[in-house]
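Grab a viewer and work through a few exercises on a two-chain model. Try each task yourself before you read its solution.

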Amino acid sequence: MNNKELTAQLSKKMGHSIPETQTLLKTTCEVLGATFAEMNSLTIQGFGTFEVKKKQERLTIHPSSGKRLLIPPKLHLVFLASKSFKEKLKGENHE
Amino acid sequence: MNNKLSLSDLTDHLAKTANISKKDAAIFLKNLFETIEENLSTDKIVKIKGLGTFKLVKVESRRIANVNTGELQEIASHYKTSFIPDEALANAVNEPFAHLETMILDEETIADQPIVPIEQSENRAKQEEHPIINSDIESAKESEDSIDHTKSQRRLRWVYYFIVLLLITSGTYFGCNFYYGNYATKQSSAPQPVVVKDSITQPKSDSLIIKSVTKAMESVDNNQIELNADDILAKVTMEPGARLTRISLKYYGEKAFWVYIYEANKSLIRNPNRVPTGIEIVIPKKEIYQIDSNNPESVTKAKALETKILSNLE
């Protein structure tokens, strides 16, 4: 499912027009982006948690050239599904 | 910074930036996450521009051993969620570390010593024609002694200790490599009486092993007589990292049937958990063992055989 289908479905559900939903979705994503850029974590009940985690710097050796590389630390955004969401997925598999 | 936010905080933010009432924002967000969840279950993938991609990834069923009791347990196949943030978002999140780049480390900074042992171990490899570990270690000790004198004169003791350590490890490593390499090739090639004669002059433990190797070679020949050419589905050469379960999945469509491949090649494979590389194994035809990946009975039979084989190993 892509962005277009999502906006279409959302607008249908809420009774807004598609452009309206589109701008609202865009702002939401911007707000979310700003939240995560400040290294905040966000928990949404019944869905999951967005969290910014730090990956430590590490040493690797390039497989073909054999050079030693130092990979710098990195911040990355992770999403952890909530327990209820996981249970739901499990339940569907059994059917 | 580093705050834990909830949905209500997000609602406030959104209401402010989008100039809508909090009630509307709450309804919108609730619907948004509900829709994502629903569609993720049905479509397995949801892409949102500016945020990222949610995906459901299938995890194959696998077996694990209970750490405390050692019992085998089966984890059923299931889905797990994965989220890959949009590139723009990922970059925004990584802003504090964005200026850092991957560095190439100079060889001078870390690796002054490893260069020496590599040369020496290469020389050693040329000297060693016999694949026996014992004689290897002896020759390693001799060369260590000769290095000992020169190095102690220079009073560079720490260098010496380091090199000795490396020599011992590289010596045993090469010895093992030689031994196992020859072991594998012996198994696959036709029996060579000359090799066996040589081995009789070697210490007892070595000749014992080689005897067992020759035994294995004999039984290989027997085995190939048992399996006619018509019964063979394919022949596979074991490469490093190859697994019987993978081969089984490829040819039979189910991992559990690896036991039959093992049965057909029993003389070549002593321990199915450690299959020697380089040997050529035979894949028997499905009909011989009534292999049918769509038939649950056939699968359970294979699994029963699997537990039997694994318990015999212990």
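Below are five exercises, each with a worked solution.

This is a predicted model, so local features need pLDDT of at least 70 and side-chain atom pairs count only at pLDDT 80 or more, while totals for chains, interfaces and linings use all residues. Residues are numbered from 1 along each chain as its sequence is written, and chains are lettered from A and ligands numbered from 1 in the order in which they are written.

**Exercise 1. The contact between the chains**

Task: Work out how many residues each chain gives to the contact, and which element of chain B gives the most.

Solution:
- Start with the criterion: two residues are in contact if their C-beta atoms, placed from the backbone, lie within 7 Å.
- Count both sides: 48 residues come from chain A and 49 residues from chain B.
- Now sort the chain B side by element, where helices (H or I, at least four residues) and strands (E, at least two) are DSSP runs, numbered from the N terminus. Elements giving two or more residues include helix 1 (7-18), helix 2 (22-43) and helix 3 (87-93) of chain B.
- Helix 2 of chain B comes out on top, with 10 residues.
- Finally, split that side by residue type, with Ala, Val, Leu, Ile, Met, Phe, Trp, Tyr, Cys and Pro as nonpolar, Asp, Glu, Lys and Arg as charged, and the others, Gly among them, as polar. You get 28 nonpolar, 14 polar and seven charged residues.

**Exercise 2. Helix 2 of chain A**

Task: Check the span of helix 2 of chain A, then find out why its buried residues line one face.

Solution:
- The expected span is 1.5 Å times one less than the number of residues. For the 20 residues of helix 2 (residues 18-37) of chain A that should be 28 Å, and the end C-alpha atoms are indeed 28 Å apart.
- Next, burial: a residue is buried if 20 or more other C-beta atoms lie within 10 Å of its own, exposed if 12 or fewer, and partly exposed in between, with C-beta atoms placed from the backbone. Among the buried ones are Leu24(A), Leu25(A), Thr28(A) and Phe36(A).
- Look down the axis and take the arc of the directions from the helix axis to the C-beta atoms. The buried residues of helix 2 of chain A fall within 130°, so they line one face.
- The background is simple: an α-helix has 3.6 residues a turn, so residues three or four places apart point the same way.
- On the other side of helix 2 of chain A, Pro19(A) and Thr23(A) are exposed.
- The buried residues pack against elements of both chains, including helix 1 (3-14) of chain A and helix 3 of chain B.
- Right after the helix comes Met39(A), with a positive phi near 65°.

**Exercise 3. Helix 1 of chain A**

Task: Which residues of helix 1 of chain A are buried, and what covers them?

Solution:
- Helix 1 of chain A has 12 residues and reaches 16 Å between its first and last C-alpha, close to the 16 Å expected.
- Leu6(A), Thr7(A) and Leu10(A) are its buried residues. They fall within an arc of 95° and so line one face of the helix.
- Lys4(A) and Lys12(A), on the other side, are exposed.
- The cover includes helix 2 of chain A, plus helix 2 and strand 2 of chain B.

**Exercise 4. A sheet with strands from both chains**

Task: What is the strand order of the open sheet of four strands, and which strands stand at its edges?

Solution:
- Two strands pair if DSSP finds at least two bridges between them. The order is 5(A)-2(A)-1(A)-1(B), with mixed pairing.
- Strand 5 of chain A and strand 1 of chain B are the edges; each has a single partner strand, so one side of each lacks a neighbour in the sheet.
- Across the chains, strand 1 (residues 41-44) of chain A pairs with strand 1 of chain B in the parallel sense over three bridges. Thr43(A) has Ser6(B) as its bridge partner.

**Exercise 5. The sheet of chain B**

Task: Which strands form the open sheet of three strands in chain B, and how do they pair?

Solution:
- The order is 2-3-6, with antiparallel pairing.
- Strand 2 of chain B is joined to strand 3 (residues 52-59) of chain B by four bridges, and Lys47(B) has Thr53(B) as its bridge partner.
- Helix 2 of chain B packs on the sheet, touching strand 2 and strand 3 of chain B.

Notes:
Axes fitted to C-alpha atoms, helices over the stretch in contact; angles between N-to-C directions.
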